[in-house]
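These are my notes from going through one model, entry by entry. I wrote down what I looked up and what I found, in the order in which I looked.

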Amino acid sequence: MPSPPPAAPAGLACPRAGGGVWLEVAYAEKDHAKSLGARWDPDTRMWYALPGQEQSLSPWWALPSAFPWEDRAFGSGLFVDLIPDSCWFTNVRSCVSTRDWFRIRKMVYGRAGNRCETCGAVENTDAGIRMEAHERWLYDDESHVQYLRRLVCLCTLCHQSTHFGYAEVTGNGARAFAHLSSVTGYTNEQSAKHIADAIVVWRRRSRYDWTLNLRMLTDAGIAVAPPVRGPERRAVAERQTQAVRPMPEPLGHGGEETGMSIRPIHRD
Ligand SMILES: [Zn+2]
């Protein structure tokens, strides 16, 4: 992996505050942030900190629109991307605080213009379409390190297609399959082949323990909690999997048995 450039966490300057910084405050935390001086800008519908109050509100600083050494061209387009079962339940969401996960998602959605970066869809609550943050991982098959390389804004349908195994066990397999074909231009046969190939990769990767590398986030000043070591992650995956009701439905499309006995949890 290339050495990332040094990154000094900094707040995004808010011109309206004359030197303050923009904030990302979840609704549940607005009273707490207000008590520390956070102000609401009705035009942008964002919170901000006045000059001199930035530090006390630093946990809510809006993130810059790029992470250190993030590759925003990594994993372009729509494709099925199954998480090795030894990595289930440990991901960005599980390793960062609720507050930081909110800040991360707001940044990812905002820099994408609140549009799906794969199909261009926008939120449509009537159709059950919303924006979701998806993690793109680089799997180093030599060192068995799972690197976070990109965060991407996907619509619900693209996210379901990406996590096709999850879509199958939640009853959304047919819709995810149709969306995959629609966006990629694949025939049904091509989509089925694409999914089968992804399952082969998933099976191979699931044999190994993977060390989680979230330096893309830690270099942005975001605290990451363990476990990140491979064997510890597998133990978490096995423990959590046992706690989830087994899914009796076969996975895969067109009757194909994938051998995935539980959903690959990796949701926004
Ligand atoms: Zn989409």
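**Helix α3 and its cover**

I began with the surroundings of α3, and found that β5 and β6 are among the elements that cover its buried residues. I kept in mind throughout that this is a predicted model. The buried residues of α3 are Asp100, Arg103, Ile104, Arg105, Met107 and Val108. I then checked the length of α3, which covers residues 98-111: at 1.5 Å a residue its 14 residues should span 20 Å, and the C-alpha atoms at its ends are 20 Å apart, so the two values agree.

**After the helix**

Following the chain onward, I noted that glycine 113 comes after α3 and has a positive phi near 70 degrees. Asparagine 114 also drew my attention, as its phi is positive, about 55 degrees, although it is not a glycine. I placed asparagine 114 in the loop between α3 and β5. Is asparagine 114 buried or exposed? I counted 12 other C-beta atoms within 10 Å of asparagine 114, and since 12 or fewer is the cut-off for exposed, it falls in that class.

**The sheet**

I next looked up the sheet to which β5 and β6 belong, and found an open sheet of three strands in the order β5-β6-β7, with mixed pairing. The edges are taken by β5 (131-140) and β7 (211-213), each of which has a single partner strand, so one side of each has no neighbour in the sheet. On average, and with direction ignored, neighbouring strands of this sheet are turned by 40 degrees against each other.

I took the two pairings in turn. β5 and β6 run antiparallel and are joined by ten bridges, and within this pairing I found tryptophan 137 opposite leucine 148 in β6. β6 (residues 145-155) pairs with β7 in the parallel sense over three bridges; here glutamine 146 stands opposite leucine 212, and tyrosine 147 stands opposite asparagine 213.

How much of β6 is buried? Ten of its eleven residues are, so the strand is largely enclosed by the rest of the structure.

**The hairpin turn**

The hairpin of β5 and β6 has four residues between the strands, and in it histidine 144 takes a positive phi near 55 degrees. Histidine 144 is a residue other than glycine, and I located it in the loop between β5 and β6. With 16 C-beta neighbours inside 10 Å, histidine 144 counts as partly exposed.

**The nonpolar core**

I then turned to the largest nonpolar core, which has 60 residues, and looked for the members that touch the most others: these are Leu23 and Leu217. β6 gives the most to this core, with seven residues. Where does the core lie with respect to the domains? Domain 1 (13-60) and domain 2 (85-243) both give residues to it, so the core lies between them.

For leucine 23 I listed the contacts, leaving out residues up to four places away in sequence, and obtained Ala33, Ala38, Trp47, Tyr48, Ala49, Leu57, Trp60, Trp61 and Ala62.

**The chain as a whole**

Last, I took the totals for the chain. Its secondary structure comes to nine helices and seven strands, and 38% of its 268 residues count as buried. Among contacts with a separation of 6 or more, 68% are between residues 24 or more positions apart.

Terms used:
Residues are numbered from 1 along each chain as its sequence is written. This is a predicted model: local features need pLDDT of at least 70, side-chain atom pairs count only at pLDDT 80 or more; totals for chains, interfaces and linings use all residues. Two strands pair if DSSP finds at least two bridges between them. Helices (H or I, at least four residues) and strands (E, at least two) are DSSP runs, numbered from the N terminus. Axes are lines fitted to C-alpha atoms, for helices over the stretch in contact, and angles run from 0 to 180 degrees between N-to-C directions. A residue is buried if 20 or more other C-beta atoms lie within 10 Å of its own, exposed if 12 or fewer, and partly exposed in between; C-beta atoms are placed from the backbone. A nonpolar core is a set of buried Ala, Val, Leu, Ile, Met, Phe, Trp, Tyr and Cys residues joined through C-beta atoms within 7 Å. Domain bounds come from an automatic or database domain assignment. Two residues are in contact if their C-beta atoms, placed from the backbone, lie within 7 Å. The expected span of a helix is 1.5 Å times one less than its number of residues.
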